[in-house]
Structure formats: structure tokens, C-alpha cells
Amino acid sequence: MSQDKCIAFIGLHVLMALGLKNEIRKCGEVRVETFRSYQDFLPLAERMDAYAVSSGIFIRHLDFFLPRKMKTLVVDNIDEYDSGDIIPLSIGASTDEADVESIVGKLLSAISDKVDLPGELSAREKDVLRLIAGGKINKEIADELCISINTVITHRKNISTKLGIKSASGLSLYAMMNGLI
């Protein structure tokens, strides 16, 4: 991995940042830039290839991090993450060393694989997403939009692919955080 790749550490405790930086150095050559707050980070956000953030910053700025979740590592001193759809890469207080190595490896792999941000949803995909967030099942969505169930299934698959979110609850959260509902 080339040195031109950069991971932003945002709002991490100093000891967590040092430990994570050491783990990243073991896995490959990546530059790390540290930011005390999201506001300090924001002007340079688009230059970063990946992000390691505290859970508080992740939650307060879901609109930025959720579409970039495959390139975002949530680091905190608690272990309360049970939704792999929303936070697939996370390290908590009881994460063992082997798991940390694996998770850091996944983050670095996402950088080297050039995982792109999700594509823009079409107007019809946004309509389907709104109805999913409203708790509708495929048949109800098809009836309401006057399309076939197969078309609804195709739209759901495309939405999940573009956003990297598989569950209805994750899609609902995305719709809410992005002003679609």
C-alpha cells in the first residue's frame, strides 16, 4: 500500500490513537492525520481515504460517516455495537488483539480496494426507500407505486448495493438521517 493513503483519526483518546496507529503501521504504510474534533477535520475530509472515529462523533455525524461506513472504524471504550449493518468496523474495550488486527486489515483492504462512495439513488429508489422506512413489505410497495414485486425486489437490491446496507432497519436509519422521511 502506498504512502499516499491517509486515515483520519477524529476525536480519539490519545492512548487509543497511539495503539491503533501502531497496529496500522504493522499492516502497511499509511499516513495518519489526527484531529481533535469533527470541525477541525471537516475542511480536509475529502482528502482522507478512511476514518477512525469515536462513537460519539460517528453518531453525531451519521450523514457523513454512514455512506462511508466501509471506510470508517468506530473506536470506543465500550462494547455496545450490535448492528453490523450500521457499524461493520468497530473496536471496543474488550476487543482482543487478533480481532483488532483483522478489523484494521479490513479497513486497509477497503482503502486499497478503492471502495467508492455509494452512487446516487434514483428518484424511484428514493420512493422505494421511503416506503421501506415506513415499514411496508414488497407487495405493499409494489401496489402503492404501481410496479411489480420483481421491480421492487430489484430496486431494494440496487439500494442495498449502492448504500452497503442490507437490513430494513439500517435502510430506515439512512432514510431518516438523509431527510428522505
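The paragraphs below move through part of a predicted model, from helix α6 to helix α9 and then to the loop before α8. Residues are numbered from 1 along each chain as its sequence is written. Because the model is predicted, local features need pLDDT of at least 70 and side-chain atom pairs count only at pLDDT 80 or more, while totals for chains, interfaces and linings use all residues, and side-chain values use heavy atoms, with hydrogens and water left out.

Glu125 lies in helix α6, which spans residues 123-133; helices here are DSSP runs of H or I with at least four residues, numbered from the N terminus. With a relative accessible area of 5%, Glu125 is buried, a term that means under 20% relative accessible area, whereas exposed means over 50% and partly exposed lies in between (1.4 Å probe, protein chains only). The side chain of Glu125 reaches the backbone nitrogen of Ser122 at 2.8 Å. Leaving aside residues up to four places away in sequence, Glu125 touches Glu120, His155, Asn158, Ile159 and Lys162, where contact means heavy atoms within 4.5 Å.

Helix α9, residues 168-177, has Gly170, Leu171, Ser172, Tyr174 and Ala175 as its buried residues, and these pack against α6 and against α8 (149-163). After α9 comes Gly179, whose phi is positive, near 70°.

A positive phi is also found at Cys146, a residue other than glycine, where the value is near 55°. Cys146 sits in the loop between α7 (138-145) and α8, and Cys146 is exposed, with a relative accessible area of 70%.

Notes
Helices (H or I, at least four residues) and strands (E, at least two) are DSSP runs, numbered from the N terminus. A polar contact is a pair of N or O atoms within 3.5 Å; within protein, one must be able to donate a hydrogen and the other to accept it, and residues adjacent in sequence count only if both atoms are side-chain atoms.
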